[in-house]
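Work through the exercises below with the sequence and the model side by side. Try each task before reading its solution.

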Amino acid sequence: MEQKIVVVDFSGTLIQPFVAEQANLKRYALLGISKPSQEEHKKLHGTKKHYDIIKQHVEKNFGISDAMQISFVQSYGREIVLSGKDVKTMMMTDLFRNCMYAVAREYGKKIFVTGMIASLQRIQKKGYKLAIVSGVRKDIITGMLAIVKCPLQFDYIYAQDPVLSRDDNQQLNNELAKKGKIAFLIGDKLDDLKPAKSLKAKSIFVTWGHPVGNETSFADYVVKTPKALEHIIS
């Protein structure tokens, strides 16, 4: 019998919105970027403009330009050449990883949305496989779960690499779909939910994250608490 999979987004869905927000502000401080207002920060968070600002300051602070060619030895010895553009992205996401780890170390299990872990554990006991699919780097996700000693073991984690070369959530979900039938996608943003259509899965919008607009009209279900997930995923 084909296994059924429930997909959960990471930032803003599994973990609380303040976690990435605090990590971003820590990264701003390290790079000497002026602290935006709370409203500006919410609008910028995770956007192309947000990344462009950070990369500009990486170039200013460290002298890395897009056209450079930089030799790089990957873990366990494979050597490749990265463009300056890729190096800036890696430096940007390295800083974010370090700051996310610091926030995880500070808050421990409080990084999780209250009740989310318990609800997912009960869903897992019903026979579903649990997967994280996220645009966040995989080492950020797995590192944070290790730091806080997450009591839930996820069956699959599909996420980004250091230069953000993996196209989007659709690609990652398509890879996951080779493992079984994706039955539900849970997320706080429209991009988390969109792959549900092609995968013939049900989408569940959680209202506590970083919505960008149109999530409520797109989603099959809208939930305001983690407990409500258990009534949908039976």
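**Exercise 1.** Find the bridge partner of Ile-132 in strand S5.

*Solution.* Ile-157 in S5 is the partner of Ile-132. Next, place the strands: S4 covers residues 129–137 and S5 pairs with S4 in the parallel sense, over four bridges. Strands here are DSSP E runs of at least two residues, helices are H or I runs of at least four, and both are numbered from the N terminus. Pairing requires at least two DSSP bridges between two strands. The model is predicted: local features need pLDDT of at least 70, side-chain atom pairs count only at pLDDT 80 or more, and totals for chains, interfaces and linings use all residues. Residues are numbered from 1 along each chain as its sequence is written, and side-chain values use heavy atoms, leaving out hydrogens and water.

**Exercise 2.** Decide whether S5 is enclosed or open.

*Solution.* S5 spans residues 156–160. Five of its five residues are buried (under 20% relative accessible area, 1.4 Å probe, protein chains only), so S5 is largely enclosed by the rest of the structure.

**Exercise 3.** Describe how H1 packs on H4.

*Solution.* Start with the ranges: H1 is residues 17–31 and H4 is residues 84–107. Their axes lie 8 Å apart, at an angle of about 125 degrees. Axes are lines fitted to C-alpha atoms over the stretch in contact, and angles run from 0 to 180 degrees between N-to-C directions. H1 and H4 are therefore oblique (not under 35, over 145 or 65 to 115 degrees).

**Exercise 4.** Classify Asp-86 as buried or exposed.

*Solution.* Asp-86 sits in helix H4. Its relative accessibility is 27%, so Asp-86 is partly exposed (between 20% and 50%).
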